[in-house]
Amino acid sequence: MSTISEYVAANRERFIDELIHLLRHPSVSADSAYSQDVLNTAEAVAEALRDAGCDAVEVCETEGYPIIYGEKNVSEDLPTVLVYGHYDVQPPDPLDLWETAPFEPEIRKTALHPEGAIFARGASDDKGQFFMHIKALEYMVRHNALPCNVKFMIEGEEEVGSTSLSAFVQANREKLANDVILISDTGMIDRDVPSITTGLRGLSYVEVAVTGPNRDLHSGLYGGAVANPINILAKMIASLHDEDNRITIPGFYDKVRELNPKERELLAEAPFRLEAYKAALDIDAVYGEKGYTTNERNAIRPTLDVNGIWGGYTGEGAKTVIPSKAHAKISMRLVPDQDWKEITELFASHFRKIAPAGVRVEVRPHHGGQAYVTPMDHIGYQAASLAYAETFGKKPVPQRGGGSIPIVALFEKELQSKTILMGFGLDSDAIHSPNEHYGLYNYLKGIETIPHFYRHYTALAQSGA
Ligand code: BES
Ligand code: MN
Ligand code: MN
């Protein structure tokens with residue numbers, strides 16, 4: 001019989017090798033050139049669950065990529081934890097900015113990670129993080145230390161909007177029934193500042209196009225006499241924020257739940273070093289909505305950002321041209337109780353309204369999802385808090401996350417259960433960026449912390465807390 005810390009120490013090299021094996025699969029869901037690789041990754045995940053001791057493992061076919069489902073039942077009288085994660089990853093480009101190839105994982109030491117970090121696409125988001133749960137399960141099964149039932153659901157389309165998963169959840173409510181959902185797909189504040197994410201922002205993602213003349217024009221012959229779609233688009237986008245950096249779309253803030261002073265105080269307890277933040281990004285000032293701190297701006301306040309903008313001539317040299325069309329992709333991060341479909345509508349009608357005569361505007365919604373908040377008085381939060389306290393030696397700080405996992409709000413609606421976000425990544429992991437990495441410290445600490453969650457959760461559930 002070994003404790004989880006002894007088990008992690010004894011199996012350290014194998015745990016690292018197994019994760020590296022998984023990271024070699026280029027499971028890019030956004031690009032169909034990788035579709036066979038995504039399917040192979042699904043099989044690899046199923047095998048890892050079988051090896052770890054799941055009784056029933058299924059590769060569930062969908063209209064998109066398969067969902068891997070697995071379970072280990074102990075007793076009907078015990079609670080059931082559902083673990084969710086995603087085996088798909090973001091596209092790796094721009095490739096030339098990677099120090100080593102994105103799908104040839106390499107361990108390197110950094111200032112923040114003196115023990116080393118694994119560099120590979122998906123290392124932190126989310127392969128390294130869901131794999132911790134599979135290794136934690138392996139320990140619990142082999143040591144007869146699984147105190148409750150567990151179900152795993154690992155999908156392959158999170159980075160492209162979880163399209164198939166929504167239908168799967170709606171069609172399999174009974175199969176997925178659980179007492180609490182556990183996800184490691186977020187971060188913590190620092191390696192010595194454990195934290196639990198208590199909220200995720202919602203999202204509305206739209207694409208816009210502004211069309212002027214029916215063809216590209218000579219900018220000397222026509223310049224000054226017709227609307228230039230790029231000039232107009234830039235002007236329209238600029239008008240979406242006022243001088244206090246508030247969003248100008250009428251009704252945008254109507255449903256925003258403001259935090260009371262006590263809630264703001266609690267969030268302000270999360271340590272934040274402005275100088276280090278600026279230095280890490282090479283910026284000389286932060287920028288954002290007036291009246292809010294940086295931590296508030298990127299977590300409890302809604303935003304509107306251009307993600308890409310294009311049109312006209314962008315090749316080598318100069319070409320004098322007024323383009324016929326200009327485009328932009330725009331994301332809005334939302335907070336409770338904004339409704340993403342309503343916000344998408346508000347955006348579309350406002351954007352059409354502010355277009356001057358002489359251009360046509362199209363707004364095409366992509367995907368979206370609702371924001372989510374985990375109540376801190378939930379026994380799942382308390383169990384997670386006790387678990388981190390055991391392995392990090394201090395109580396974790398609650399932190400609202402700025403990113404989105406849209407399926408979480410749907411889990412609550414369809415399965416009536418709360419999600420606990422036990423993330424072990426760091427903001428510096430460079431998720432979605434070149435040189436994504438995951439600290440070995442974070443990976444191994446995660447595996448060590450997870451079994452404590454199960455023990456505390458079951459104890460709290462049984463004591464009727
Ligand atoms: N794991 C991230 C979300 C995340 C990261 C939340 C860190 C909080 C902290 C997830 O894989 C992701 O990237 N989500 C997308 C949304 C999705 C619809 C493409 C996002 O937030 O942009
Ligand atoms: Mn993720
Ligand atoms: Mn992601």
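This passage describes the domain arrangement and the two manganese sites of a predicted model.

The protein chain is divided into two domains, each assembled from two separate stretches of sequence: domain 1 comprises residues 4-200 together with 371-463, and domain 2 comprises residues 203-256 together with 302-369. The C-alpha centres of domain 1 and domain 2 are separated by 36 Å, and the contact between them draws on 7 residues from domain 1 and 7 residues from domain 2. About 550 Å² is buried between the two domains, with 59% of this area lying on carbon and sulfur atoms. On the side of domain 1, Ala371, Ser404 and Pro406 together account for 61% of the area buried against domain 2, a share that exceeds that of any other three residues.

As regards polar interactions across this interface, 0 salt bridges are counted between domain 1 and domain 2, whereas 1 residue pair is found in polar contact, both of its members having a pLDDT of 80 or more. The face that domain 1 presents to domain 2 consists, by class, of 3 nonpolar, 3 polar and 1 charged residues.

The model also contains a pair of manganese ions, ligand 2 and ligand 3, which lie 3.6 Å apart and are bridged by Asp125. For the manganese ion (ligand 2), the protein donors are NE2 of His86, an OD atom of Asp125 and two OD entries from Asp185, at distances of 2.0 to 2.4 Å from the ion. Along the chain, these donors follow the spacing H-x38-D-x59-D. The angles among the 6 donor atoms of the manganese ion (ligand 2) span 56 to 166°, and the site is classed as irregular.

The manganese ion (ligand 3) is coordinated at 2.1 to 2.6 Å by an OD atom of Asp125, by two OE entries from Glu159 and by NE2 of His432. Its donor residues are spaced D-x33-E-x272-H in sequence. The site of the manganese ion (ligand 3), with 6 donor atoms and angles of 55 to 154° among them, is likewise irregular. For reference, ideal angles for six octahedral donors are 90 or 180 degrees. The octahedral class requires opposite donors to be over 155 degrees apart, so the manganese ion (ligand 3), whose angles reach 154°, does not satisfy that criterion.

Conventions:
Residues are numbered from 1 along each chain as its sequence is written. Chains are lettered from A and ligands numbered from 1 in the order in which they are written. This is a predicted model: local features need pLDDT of at least 70, side-chain atom pairs count only at pLDDT 80 or more; totals for chains, interfaces and linings use all residues. Side-chain values use heavy atoms; hydrogens and water are left out. Domain bounds come from an automatic or database domain assignment. Contact means heavy atoms within 4.5 Å. Buried area is the accessible area (1.4 Å probe) that two parts lose on being put together, summed over both. A salt bridge is a side-chain nitrogen of Lys or Arg within 4 Å of a carboxyl oxygen of Asp or Glu. A polar contact is a pair of N or O atoms within 3.5 Å; within protein, one must be able to donate a hydrogen and the other to accept it, and residues adjacent in sequence count only if both atoms are side-chain atoms. Ala, Val, Leu, Ile, Met, Phe, Trp, Tyr, Cys and Pro count as nonpolar, Asp, Glu, Lys and Arg as charged, and the others, Gly among them, as polar. Donors are N, O and S atoms within 2.8 Å of the metal (3.2 Å for Na, K and Ca); water is not among the atoms, so sites may look incomplete. Four donors count as tetrahedral if all angles lie between 85 and 135 degrees; four count as square planar and six as octahedral if opposite donors are over 155 degrees apart and all others between 65 and 115; anything else is irregular.
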